[in-house]
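Me: Please take a close look at one part of this model and follow it outward into its surroundings. I would like a connected account, with the terms and their cut-offs explained along the way.

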Amino acid sequence: MLEQPDAPFPPGLTARVELTVADADTARAVGSGDVPVLATPRVLALAEAATVAATAPRMPTGRTTVGVRVELAHLAATPVGRTVVAHARLVEADGRRLLFEVTVTDGDTTVASGRVERALVDRQRFVERAARVS
């Protein structure tokens, strides 16, 4: 892949987002299980938030990114009260396609790892198309 000099998202962009696990973040609360630990959907949302944060400072006016593909392994349970940190690193930018490696950690423990693919879109056009589909 050849990167264009004016590409807004060069590989290597990073961001991190933290979450202190609350009762509302548990599998029991979100309906993805019946245990009081950090829910997989919340882990995914946190990882995606880190990818959004990585692109935010360089986002062109009128554009946004949307998630298109996720590969995530939830490896360890996290109880209420613990703080997890999601890290995202842009590993590939190919036209509108942005590929991130993500990890979520609780101290030295890897809670989750995977990849998130996002697409750069025109915000207004995207919302208008979504409204027509509904």
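Reply:

**Strand 5 and its surroundings**

Strand 4 and strand 5 run antiparallel and are joined by 10 bridges; strands (E, at least two residues) and helices (H or I, at least four residues) are DSSP runs, numbered from the N terminus, and two strands pair if DSSP finds at least two bridges between them. The model is a predicted one, in which local features need pLDDT of at least 70 and side-chain atom pairs count only at pLDDT 80 or more, while totals for chains, interfaces and linings use all residues. Residues are numbered from 1 along each chain as its sequence is written, and side-chain values use heavy atoms, with hydrogens and water left out.

In the hairpin of strand 4 and strand 5, two residues stand between the strands, and Gly-107 takes a positive phi near 65 degrees. Within this pairing, Val-104 has Ala-112 of strand 5 as its bridge partner. Strand 5 also pairs with strand 2, again in the antiparallel sense, over 11 bridges. Here Ala-112 of strand 5 stands opposite His-74, and Arg-118 of strand 5 stands opposite Gly-67.

Arg-118 repays a longer look. The residue belongs to strand 5, which covers residues 109-122, and with a relative accessible area of 6% Arg-118 is buried; buried means under 20% relative accessible area, exposed over 50%, and partly exposed in between, for a 1.4 Å probe and protein chains only. The side chains of Arg-118 and Glu-48 are joined by a polar contact of 3.4 Å, a term for a pair of N or O atoms within 3.5 Å, where within protein one must be able to donate a hydrogen and the other to accept it, and residues adjacent in sequence count only if both atoms are side-chain atoms. Setting aside neighbours within four places in sequence, the contacts of Arg-118 (heavy atoms within 4.5 Å) include Glu-48, Thr-51 and Val-52, then Thr-65, Val-66, Gly-67 and Val-68, and also Arg-96, Arg-97, Leu-98 and Phe-100.

The wider setting is an open sheet of five strands in the order 1-3-4-5-2, with antiparallel pairing. Its edges are strand 1 (14-20) and strand 2 (63-74), each of which pairs on one side only. On average, neighbouring strands of this sheet are turned by 25 degrees against each other, direction ignored. Helix 2 (residues 40-55) packs on the sheet and touches strand 1, strand 2, strand 3 (83-94), strand 4 (97-106) and strand 5, with a direction about 145 degrees from that of strand 1; axes are lines fitted to C-alpha atoms, for helices over the stretch in contact, and angles run from 0 to 180 degrees between N-to-C directions. Helix 3 (residues 123-133) packs on the sheet as well, touching strand 2 and strand 5, and its direction makes about 90 degrees with that of strand 5.

Strand 5 also contributes to the nonpolar interior. The largest nonpolar core has 24 residues, and those with the most contacts inside it are Val-84, Leu-90, Phe-100 and Val-104; such a core is a set of buried Ala, Val, Leu, Ile, Met, Phe, Trp, Tyr and Cys residues joined through side-chain atoms within 4.5 Å. Two or more residues of this core come from each of strand 1, helix 2, strand 3, strand 4 and strand 5. Leaving aside neighbours within four places in sequence, Val-84 is in contact with residues including Val-17, Leu-46, Thr-78, Val-104 and Val-111. Thr-78, in the loop between strand 2 and strand 3, is buried with a relative accessible area of 0%, and among the residues that Thr-78 touches, beyond those up to four places away in sequence, are Val-21, Val-37, Leu-38, Asp-106 and Val-111.

Gly-33 offers a point of reference away from the strand. The residue is found in the loop between helix 1 (27-30) and helix 2, and at 36% relative accessibility Gly-33 counts as partly exposed. Gly-33 and Ser-113 are 80 residues apart in sequence and 20 Å apart in space, C-alpha to C-alpha.

For the chain as a whole, the secondary structure comes to three helices and five strands, which follow the pattern β-α-α-β-β-β-β-α along the sequence. Buried residues make up 33% of its 134 residues, and of the contacts with a separation of 6 or more, 63% are between residues 24 or more positions apart.
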